[in-house]
Amino acid sequence: MSVFASPAYSQEQKRGDASLRLEYQFIRTGAFYSQGEKLDYWTTDTHVAMLSGDYAINDRWTVYAALPYVRKRFNSEVVWGGDPHNPNDPYWIDFVPPDKRFWDDGSYHGAFQDFSIGVSYRIQKGPWTLRPYISYGVPASDYPFFAKSAIGLNLWTIPVGMTFRFVPYFSDWHFDGNVAHVFSEKPLGVNVDYWLTHLSAGYWFKANLSVNAFLGLKYVKGGVSLLSPVFINEDATFPPAYPDDFDTEQWWQHDRLIGNRNLNFGLGFDYFFSPEWKMSGTAFQSVWTEESNEVDYAFTLGVSRFFGGE
């Protein structure tokens with residue numbers, strides 16, 4: 001789970017326009033899918049509180065930023081504790097993890113995740129509004145990444161993309177999208193750049209109420225499979241014994257190296273209390289996953305405050 005800033009949708013813009021948004025998100029993840037196999041690694045619960053905002057420099061350029069605080073826990077339903085990732089286990093012999101923090105103890109652990117800042121450029125053409133953008137994300141704290149309850153990958157990212165909105169003439173429908181290629185720091189030299197896509201179709205049932213359906217895709221072009229032999233110790237016999245034969249630096253960083261791919265479907269709404277205040281929410285779950293944990297269910301609820309400029 002990774003959060004980064006992207007420009008807000010707006011068809012009109014003038015210098016000094018701004019907004020602040022406070023959002024809460026809950027995510028329950030379940031089984032992991034790799035090479036067509038379902039691997040039941042129990043569940044995790046994640047709570048996210050994110051503050052984001054944007055400011056219009058003029059009628060074209062906007063700067064925006066976001067900072068999420070994330071708390072997460074690993075849930076094991078078996079007496080022996082499931083499969084927690086513990087960097088203090090005695091099987092770490094050939095490689096000893098330098099970070100000894102243990103977060104898979106069944107309790108919530110949290111920290112600020114990744115701070116994002118970016119800039120977008122608005123292009124208005126009839127019923128279309130396009131916003132090409134670029135942003136930069138950097139870990140806001142030195143959180144651990146070897147844990148099922150890890151709150152992120154602790155890698156820098158540079159998303160380059162475009163948001164778009166199409167509102168047909170004389171229609172209550174609106175169609176929105178966000179497509180980005182995310183350049184990522186390369187752990188152990190492995191390319192884990194990925195595509196992010198969000199597409200939605202919404203309808204204004206009232207002047208202040210819109211309901212939408214959406215698809216969200218993350219697709220890592222490279223990366224490695226969880227079942228790849230790259231994670232196994234060179235001296236291991238076949239079949240390898242887990243976890244004794246996995247005392248490698250690659251296994252310590254396996255969550256960073258895996259090529260996550262997932263597709264989520266959900267429903268959302270936007271409700272304007274006034275021109276200055278908006279409440280929005282979503283509910284979604286996975287419909288396809290590969291080299292990733294499926295989202296059993298998730299929801300968000302946020303409040304935005306808009307400020308007028310000149």
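Author: Helices (H or I, at least four residues) and strands (E, at least two) are DSSP runs, numbered from the N terminus. This is a predicted model, where local features need pLDDT of at least 70, side-chain atom pairs need 80 or more, and totals for chains, interfaces and linings use all residues. Residues are numbered from 1 along each chain as its sequence is written, and side-chain values use heavy atoms, without hydrogens and water.

Reader: Where is Pro-239 found?
Author: Start with the bond before this proline. The peptide bond from Phe-238 to Pro-239 is cis, with omega near -5°. Pro-239 itself is found in the loop between β12 and α1.

Reader: Which residue does a cis peptide bond join to Tyr-242?
Author: Look in the loop between β12 and α1, where Pro-243 is found. The cis bond there has omega of about 5°. The residue joined to Tyr-242 is Pro-243.

Reader: How far apart in space are Pro-240 and Leu-39?
Author: Pro-240 lies in the loop between β12 and α1, and α1 covers 249–252. In sequence, Pro-240 and Leu-39 are 201 residues apart. In space, C-alpha to C-alpha, the distance is 17 Å.

Reader: Is Pro-240 buried, partly exposed or exposed?
Author: Use the cut-offs: buried is under 20% relative accessible area, exposed is over 50%, and partly exposed is in between (1.4 Å probe, protein chains only). Pro-240 has 28% relative accessibility. Therefore Pro-240 counts as partly exposed.

Reader: How many salt bridges are there?
Author: Each one needs a side-chain nitrogen of Lys or Arg within 4 Å of a carboxyl oxygen of Asp or Glu. One of them pairs Glu-23 with Arg-21. By this rule the count of salt bridges is 7.

Reader: How far apart are the closest N and O atoms of Glu-23 and Arg-21?
Author: Both residues are buried. They form a salt bridge with each other. Their closest N and O atoms are apart by 2.9 Å.

Reader: Which residue forms a salt bridge with Asp-17?
Author: Asp-17 is buried, at 16% relative accessible area. Its partner is partly exposed, at 37%. The closest N and O atoms of the pair are 3.5 Å apart, and the partner of Asp-17 is Lys-14.

Reader: How many residues apart in sequence are the parts tied together by Arg-28 and Asp-45?
Author: Arg-28 and Asp-45 form a salt bridge, with closest N and O atoms 2.4 Å apart. Arg-28 lies in strand β1 (residues 18–34), while Asp-45 lies in strand β3 (residues 43–56). So the pair ties together parts whose separation in residues is 17.

Reader: Which residue is linked with Arg-28 and Asp-45 in a network of salt bridges?
Author: Asp-45 is buried, with a relative accessible area of 2%. Asp-45 and Arg-28 share their network with another arginine. That residue is Arg-73.

Reader: Which strands each supply at least two residues of the nonpolar patch?
Author: Patch residues have over 30% relative accessible area and no salt bridge; like charges are joined within 9 Å, nonpolar side chains (Val, Leu, Ile, Met, Phe, Trp, Tyr) within 5 Å. This patch is about 800 Å² (Shrake-Rupley areas, 1.4 Å probe). Its residues include Trp-195, Leu-215, Phe-265 and Trp-288. The strands that each supply at least two are β11 (194–206), β12 (209–220), β13 (261–272) and β14 (277–290).

Reader: Is Val-287 buried or exposed?
Author: Val-287 helps to make the nonpolar patch. Val-287 lies in strand β14. With a relative accessible area of 52%, Val-287 is exposed.

Reader: What is phi of Leu-188 near?
Author: Leu-188 sits in the loop between β10 (173–184) and β11. At 40% relative accessibility, Leu-188 counts as partly exposed. Phi is positive here, in a residue other than glycine, and near 55°.

Reader: Is Glu-291 buried or exposed?
Author: The place of Glu-291 is in the loop between β14 and β15 (292–307). Phi of Glu-291 is near 55°, a positive value in a residue other than glycine. Relative accessibility is 3%, so Glu-291 counts as buried.

Reader: How far apart in space are Trp-103 and Ala-49?
Author: Trp-103 is in the loop between β4 (61–75) and β5 (109–112). Trp-103 counts as buried, at 10% relative accessibility. Trp-103 and Ala-49 are 54 residues apart in sequence, and their C-alpha to C-alpha distance is 19 Å.
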